[in-house]
Structures are given as structure tokens and as C-alpha cells.
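Let's take a walk through this chain together, starting with its cysteines and working outward. Keep the view open and turn it as you read.

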Amino acid sequence: MNGARGSGMAGGRRMAGVRRGVAALLAGVALAGCGIRATPVPVDAGSAPSRVACGVRGGASGVPSEGASEVRVALVCSGRVVDVRRRLELPSGDGVRDRVELARTLLRELRRNPRDVEVAAGFTTAVPDDLLVEGPAAGDERAALRLSRPPSALPSFALAQLVCTFADTQLADSGRGILLGGPAFGTGVGASEGSEVRRYECSTALRTRTETAESAGVPL
């Protein structure tokens, strides 16, 4: 009798184990059907993918052509100035006229509305659509550029856009500095002050702080 009783108890334990196994299997199938991974320990699957702000996928925008060059154009996005890549046909000479034409080509890119793919990524521009650029006035250094408004009178981030765009080209000196001044002959908005030529660098502060433009630049 004791042997029969022991055999029955062992069989009961085996059946209980089978029932637990079947229950665990059914629970795993149910979880899988709900899209949940069944796992014996907690698993950190990572955060959900999110859209990266201020980034344009793909290569440089613009119509490809044999003479086009890839340049960085500084636009405004999420409260700072960020570069995007574009392909442009640029003057290749280093004469004063070539430099002025290069500055005007880049300024046109900054004045225009960003491309659709850039707008979708959150980009805009602060550069006024009536802003103009000229070459050096009498007595200026050869590398100087004169704007139709004093740099300190430009809208928020517009100066950073100009400086950071120009600094990535041959308009900059060996230290990536840009010489900018306001109207030289009493014309344009605010010509009575801020007309002196100053040297500007594309600093992090200029890219990220709107008030930096008021005191940016080093007198020559």
C-alpha cells in the first residue's frame, strides 16, 4: 500500500508539473499574440525612435551642374544657427569683384526662403530680403565687405547666418574671420552708427545667443 501511495503521489507531482508547463506555454502564446515579448527577465528594448530636429537627410540640395560647388549655408532652427549643405555655382577668382560676387551669391541664398525639405526639418532664415552687400570703401582693408545695414542692427541671428556662411568660404581670413561693416556713405538703415568695419568669427555664442550680435566683432 505504501508503494502504491508513493507511486500515486509521484504521478500527481508529474501531472502538476505538466499542468504548470502547459499554463506557462499558453501564457507565452497569449502575450505573443498581443505583441508583447514573453521573457523570463525584464528587458530594456530602448526608447521609441524620435525625429531628429534640425537635420536634412540626403546630400546637398540644389540643381547639380558641372561647375557647382558644395557649400554650407547657415539657417535658423530651434533657437540656434545650423548649417545645411547646398550646391551653388560660385565665382572662383580672388579679386575684389570676385569676392563681392561670391558674397552676393551667398547672401541671395540666405535671403531666400529655405527649400521645402529644410522647412520640413524646422529651418527658417532671419536675413532681411532687402539686405545688400558691397565691397570695401575707400580706406578699408581689401577683404572688407560693407552691408546696407550695420551688422549690430540686423535681426536676431541674421549676423550669425552671414558670418558663419561667409566663414566657410574664401571670404574668410586664415583664422576664419570675416570683415564686415555697415553703410560707408550715410545711406541705408542706421548708417549714422555701426558703420565701422569689425572682424567677426563664427563662435558658438553667436550661433546660439540672439543678444551676442549687439557686441560681436573686434575693431580693426
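The link between Cys-54 and Cys-77 is left-handed, with -90° about the S-S bond. Keep in mind that you're looking at a predicted model. The sulfur atoms of Cys-54 and Cys-77 sit 2.2 Å apart, and the two residues form a disulfide. Where does each end sit? Cys-54 is in the loop between α1 (2-33) and β1 (68-77), while Cys-77 belongs to strand β1 itself, so this pair ties together parts that are 23 residues apart in sequence. Try to see both ends from the outside and you'll be looking at buried residues: Cys-54 has 10% relative accessibility, so it falls under the 20% cut-off for buried. Cys-77 comes in at 2% relative accessibility and counts as buried too.

How many disulfides does the structure hold? The answer is 2, so there's another one to find. A disulfide is a covalent bond between the sulfur atoms of two cysteines. Here, Cys-164 is joined to Cys-202, S to S 2.0 Å. Is this link left-handed or right-handed? With 95° about the S-S bond, the link of Cys-164 and Cys-202 is right-handed. Cys-164 lies in helix α4 and Cys-202 in the loop between β6 (198-201) and α5 (204-208), so the bond ties together parts that are 38 residues apart in sequence. The two ends of this bond also have their own surroundings to check. Cys-164 is buried, with a relative accessible area of 3%. Cys-202 has a relative accessible area of 23%, so it is not under the 20% that buried requires and counts as partly exposed. If you number the bonded cysteines of the chain in sequence order, the pairing reads 1-2, 3-4.

Stay around helix α4 for a moment, and look for empty space. Rolling a probe the size of a water molecule over the atoms shows where empty space is left. In this model the count comes to 1 cavity of 30 Å³ or more, and the largest cavity has a volume of about 40 Å³. Which residues line the largest cavity? They are Phe-157, Ala-158, Leu-159, Ala-160, Leu-206, Arg-209, Thr-210 and Ala-213. The element that gives the most to this lining is α4, with 3 residues. As for chemistry, the lining divides into 6 nonpolar residues, 1 polar and 1 charged.

Now step back along the sequence to the loop between β4 (145-147) and α4 (158-166), where you'll find Arg-149. Is Arg-149 buried or exposed? Its relative accessible area is 17%, which is under 20%, so Arg-149 is buried. What does its side chain touch? The side chain of Arg-149 makes a polar contact with the side chain of Asp-130, at 3.2 Å.

Finally, zoom out to the whole chain. It has 5 helices and 7 strands, and read along the sequence they follow the pattern α-β-β-α-α-β-β-α-β-β-α-β. Buried residues make up 35% of the 220 residues in the chain, with Cys-54, Cys-77, Arg-149 and Cys-164 among them. Then there's the question of how the chain meets itself. Taking contacts between residues at least 6 apart in sequence, 57% join residues at least 24 apart.

Definitions and conventions
Residues numbered from 1 in each chain as written. Predicted model: local features only at pLDDT ≥ 70, side-chain atom pairs only at ≥ 80, totals over all residues. Heavy atoms only, no water. Helix = DSSP H or I, 4+ residues; strand = E, 2+ residues; numbered from the N terminus. Buried < 20%, exposed > 50% of the residue type's maximum accessible area, 1.4 Å probe, protein only. Polar contact = N/O pair within 3.5 Å; in protein donor to acceptor, adjacent residues only side chain to side chain. 1 Å grid on protein atoms, 1.4 Å probe; cavity = no way out; pocket = protein on both sides within 12 Å on 5 of 7 lines; lining within 4 Å. Points joined across faces, edges and corners; volume = space filled by probe spheres on them. Nonpolar A, V, L, I, M, F, W, Y, C, P; charged D, E, K, R; others polar. Disulfide = S-S within 2.5 Å. Contact = heavy atoms within 4.5 Å.
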